[in-house]
Each structure stands twice: as C-alpha cells, then as structure tokens.
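Please look over the sequence and the 3D structure below. A short report follows, built up element by element.

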Amino acid sequence: KVSKTFSRLRHGHSAFLSLTAMNMLSMLPIRSMRRFAWNQCSKHPSLLVSSLPGPTHLVHINKVPLKGLHYWAPQSGLTASAISVMTYNNTLWTGFNNDN
C-alpha cells in the first residue's frame with residue numbers, strides 16, 4: 001500500500017512540474033543567472049517533505065529489536081514546516097515539525 005501511494009506521488013503532476021522547473025533553471029545560459037534564479041526560488045521555502053524507504057524487516061541492535069524508527073531531513077533556518085516519511089518493518093512512520 002505504501003509503495004503504491006509513493007508511486008502515485010512520484011508520477012503525479014506536482015513531481016513533473018517541479019522537475020520541469022528545475023530543468024528550465026539548469027538551461028539558463030549564464031551560470032550567474034542560474035544561481036540567481038535558484039536562490040530566488042529557494043530563498044524562503046515554506047515546506048520540506050522527505051521520504052526514505054527503510055528496512056522491510058525488524059532490525060536488532062545488540063539483540064534488542066527496534067520498535068520504531070524516525071529520521072529528520074536537515075532544514076534551513078527559513079523552512080517553516082517539515083514532514084518526514086519513512087517505512088520500517090512494513091509500517092509507515094511520519095514526523096512533523098513546525099515553526100511558531
């Protein structure tokens with residue numbers, strides 16, 4: 001179920017539009033223009049969403065099973081909110097972080 005959901009997200013319109021915009025930025029003729037455009041577009045991100053496929057089986061550390069697993073993608077100081085999604089032991093784990 002998780003795999004199907006992520007597949008729909010990867011192949012949706014948002015992913016296509018984001019990739020197209022990044023490709024267009026990379027085609028700007030002068031490097032300083034590319035850098036300027038990228039800095040303007042990414043200066044104030046409001047949301048960071050990251051996903052990570054984890055182990056599909058239970059992991060043991062020193063013969064103690066890990067009940068759950070979380071991770072956080074690094075955020076810049078200007079990112080207002082973050083959502084981290086990870087699969088572990090065939091379970092979907094999510095984390096949310098929000099500035100005041």
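## A strand inside the fold

Of the 8 residues of strand 4, 7 are buried, so strand 4 is largely enclosed by the rest of the structure. Buried means under 20% relative accessible area, exposed means over 50%, and partly exposed lies in between (1.4 Å probe, protein chains only). Strands here are DSSP runs of E with at least two residues, helices are runs of H or I with at least four, and both are numbered from the N terminus.

This is a predicted model, in which local features need pLDDT of at least 70 and side-chain atom pairs count only at pLDDT 80 or more, while totals for chains, interfaces and linings use all residues. Residues are numbered from 1 along each chain as its sequence is written, and side-chain values use heavy atoms, with hydrogens and water left out.

## The chain as a whole

The protein chain has 3 helices and 5 strands. Along the sequence they follow the pattern α-α-α-β-β-β-β-β. The chain has 100 residues, and 15% of them count as buried. Its accessible surface comes to about 8200 Å². Carbon and sulfur atoms hold 63% of that surface. Such areas come from the Shrake-Rupley method with a 1.4 Å probe; for residues, only the protein chains shown count as cover.

Contacts also reach along the chain. Take those between residues at least 6 apart in sequence: 50% of them join residues at least 24 apart. Contact means heavy atoms within 4.5 Å.

## The sheet

In what order do the 3 strands of the open sheet stand? The order is 1-4-5, and the pairing is mixed. Strand 1 (47-53) and strand 5 (91-98) stand at the edges. Each has a single partner strand, so one side of each is left without a neighbour in the sheet. From one strand to the next, the twist averages 10°. Angles of this kind run from 0 to 180 degrees between N-to-C directions, with axes fitted as lines to C-alpha atoms, for helices over the stretch in contact.

Two strands pair if DSSP finds at least two bridges between them. Strand 1 and strand 4 run parallel and are joined by 7 bridges. Strand 4 (residues 81-88) and strand 5 pair in the antiparallel sense over 8 bridges.

Some bridge partners show how the strands line up. Ser 50 is in strand 1, and its bridge partner in strand 4 is Ser 84. Val 85 has Thr 94 as its bridge partner in strand 5. Ser 81 stands opposite Asn 98, also in strand 5.

Is Ser 50 buried or exposed? Ser 50 counts as buried, at 13% relative accessibility. Beyond residues up to four places away in sequence, Ser 50 touches Tyr 71, Ala 73, Ile 83, Ser 84 and Val 85.

## The hairpin turn

Strand 4 and strand 5 form a hairpin with 2 residues between the strands. Asn 89 lies in this loop, and so does Asn 90. Most residues other than glycine have a negative phi. Asn 89, although not a glycine, has a positive phi of about 55°. Asn 90 also has a positive value, near 60°. Asn 89 is partly exposed at 31% relative accessibility, whereas Asn 90 is exposed at 65%.

## Around the surface

His 70 sits in the loop between strand 3 (64-65) and strand 4. Which residues does His 70 touch, not counting those up to four places away in sequence? They are Trp 93 and Thr 94. His 70 and Trp 93 are 23 residues apart along the chain, yet their C-alpha atoms are separated by 6.8 Å.

Helix 3 (residues 31-42) holds Trp 38. Arg 34 is found in helix 3 too. Leaving aside neighbours within four places in sequence, Arg 34 is in contact with Leu 25, Ser 26, Leu 28 and Pro 29.

Here are the relative accessible areas of three residues from this section.

| Residue | Relative accessible area | Class |
|---|---|---|
| His 70 | 52% | exposed |
| Trp 38 | 43% | partly exposed |
| Arg 34 | 29% | partly exposed |

Trp 38 also joins Leu 19 and Met 22 in a nonpolar surface patch, with about 310 Å² of accessible area together. Patches are made of residues with over 30% relative accessible area and no salt bridge; like charges are joined within 9 Å, and nonpolar side chains (Val, Leu, Ile, Met, Phe, Trp, Tyr) within 5 Å. A salt bridge is a side-chain nitrogen of Lys or Arg within 4 Å of a carboxyl oxygen of Asp or Glu.
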